[in-house]
Amino acid sequence: MYDVAILSDLRYPGSHSASIAAEVRAQAAAGLTTVLIHRPAPGLRHTRPFASRIVACLRDGLADLAHDGDVVEAKVLLIRRFGDPAALPAVSAAHTIVVVDEPLDHYPAGAVLAPVDGRARAAMPPGAPLTATDWHDIIDGAADPGSDDDVFIKSDEDDGDLRPVLEAMAAGVPVILGPRFRSVFAEAAAYAHPGGREELAERLRQDRPAYEAQAARAESFVTEHYGSASHIARLASLGVLTRGIVPSPREQIQPSARPARRVLFVGDDIARFRAIARRLPADLEPVVVAGSAGLSDAHAAGLLTEYLPSAEDLGADDGRWAGFVRDRLRHLIDLYGPKAVLVGGVPHDGIAAAVEQPGPRWLWLRPAMWRRGTGGQWAARGALFAGILEPGEFAAGGDEGWTTTARAGVSTVDPITELPRKLRRRTGEMSLVCRGVEAVLPGFTRVEARPEELGGVAVAVSRADYTNFHELLGAGVPTVFVPDPEASDDELARARFAAAAGVALCATDDDSAASALERLADPAVREALGRRCAELSFGNGAADAAEWLAGHCRRRSEVEAQGVR
């Protein structure tokens, strides 16, 4: 029997996952056992991965993950954002607590509602079964606050989520709020109406003793009222008693339990990352650090992932985001101790700043095929890296980008794809694959196809981005390429080169695309394109790229063995 079971949609990011992770860590530190039960809630895409904080708890052995059909027994069941109560899995528990931040019309029979704060408590319907005290968030640590004159200002337009306020206080940052929050934080915060908050912040920055006194009051307040001890105390009131402090499960892991070496893949170049990762030596574990656009694809491939929000996700300007990326990457380097960091795409300012940290070998998976006159500003950044690898281009003869004159010391491999060594060929299926382009072709059925399934595809219409271009040509699929004029790489040059080589058709507008697709209905045209693809076939550089990366990791290990950092 577990001490605590937590049931929720484990994909929710932000404060929701932070609250769950903080409770899990507090419970583990107190010697309590925890099981997490994932229950998908409406409103989130099915393919979204677990939140990174949840993944970290599971990875570190702080909690178990229940699987569908498991019979779960626990002393206390905590439920957050659960959806339809009639669809909840059966859990045997002495106490069922539903943590709520807004009124609920339905909740599991026998459950007690635990409002997160006084505002939520006041909104509960009359007669609802409520806990005697609020189930407030706990803060289990603080991030680096940044400069020593930071001040956190919460605007009146912000939502009611107070976790960012508490995290700022825990980090020793003075907080300025509207007067309505005085009843919550008392002397732990400073208060002002909207027009006076910036002025008050500046006064604190100029008065160092006042700044430090306010920061100390804030930090003390969070420790006393929102520290992990308060959570352990409320569990004790439900009969869940601690077993004393125990070593972190992470410290108990034997060295042989996981690969001794790791490498970070940074960026949204997920298809090439996956292709390389599958071919790495068994003792080298990849960790993909990516934004929301690529994270689910990496997670679905079974790779360990970490979330790196974009500037848009954070609502930050370029300068502030660069500082965030620098600090995030430095934290992940401290956490995983990688032998190398492979950067896909462009090495923007945040990455350039992170390179200054000693430790791993920094490597660049540098794209080719830039549009003429673009991207040259990144050329000088190559000096930051211990090695540069440029994946091959079938259309290299048509490349007019800046990398064609900057290849001194750059390693190259064949085009990197996820295609298997041998494709299973199937004939007779009149199937159409559309990638980035909407189209129909009478007599053909539109299908989705993974790389290993492309051998059974009759025709395709696609953008000419790196991944789709090389997968479809590598698989010999008769294709109409429709270049994206907004792409950063030269899709038009790729598509035109393929057409000139006789391996594909090129179209630059809807009318020409429709006409070209109609040509593919002719078996003779398809046969000619397929035959030409076979004549001009290219290798898969993924294995060579993996060996290049592993070689850099070995050299880093040799340097460490000699006592050199």
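The following exercises, with worked solutions, concern a predicted model.

**Exercise 1. Edges of the sheet**

Determine which strands stand at the edges of the open sheet, and why one side of each is left without a neighbour.

Solution. Begin with the strand order: the open sheet contains 6 strands, arranged as β3-β2-β1-β4-β5-β6. Their pairing is parallel. Next, consider the two ends of this order: β3 (64-65) and β6 (112-115) each have a single partner strand, so one side of each lacks a neighbour in the sheet. In general, the strands of a sheet pair through backbone hydrogen bonds, in either a parallel or an antiparallel manner.

**Exercise 2. The pairing of β1 and β4**

State how many bridges join β1 to β4, and identify the bridge partner of Leu7 in β4.

Solution. Strand β1 covers residues 2-8 and strand β4 residues 72-79. The two run parallel and are joined by 5 bridges. For Leu7, the bridge partner in β4 is Ile79.

**Exercise 3. Positive phi outside glycine**

Locate Ala186 and Met369, and classify the accessibility of Ala186 and of Met369.

Solution. Take Ala186 to begin with: its phi is positive, about 50°, although the residue is not a glycine. Ala186 is placed in the loop between α5 (182-185) and β9 (190-191). Its relative accessible area is 39%; a value between 20% and 50% counts as partly exposed, so Ala186 is partly exposed.

Turn then to Met369, another residue that is not glycine, with a positive phi near 60°. Met369 lies in the loop between β14 (361-365) and β15 (387-391). Its relative accessibility is 0%, so Met369 counts as buried, the cut-off being under 20%.

Notes:
Residues numbered from 1 in each chain as written. Predicted model: local features only at pLDDT ≥ 70, side-chain atom pairs only at ≥ 80, totals over all residues. Heavy atoms only, no water. Pairing = 2+ DSSP bridges. Helix = DSSP H or I, 4+ residues; strand = E, 2+ residues; numbered from the N terminus. Buried < 20%, exposed > 50% of the residue type's maximum accessible area, 1.4 Å probe, protein only.
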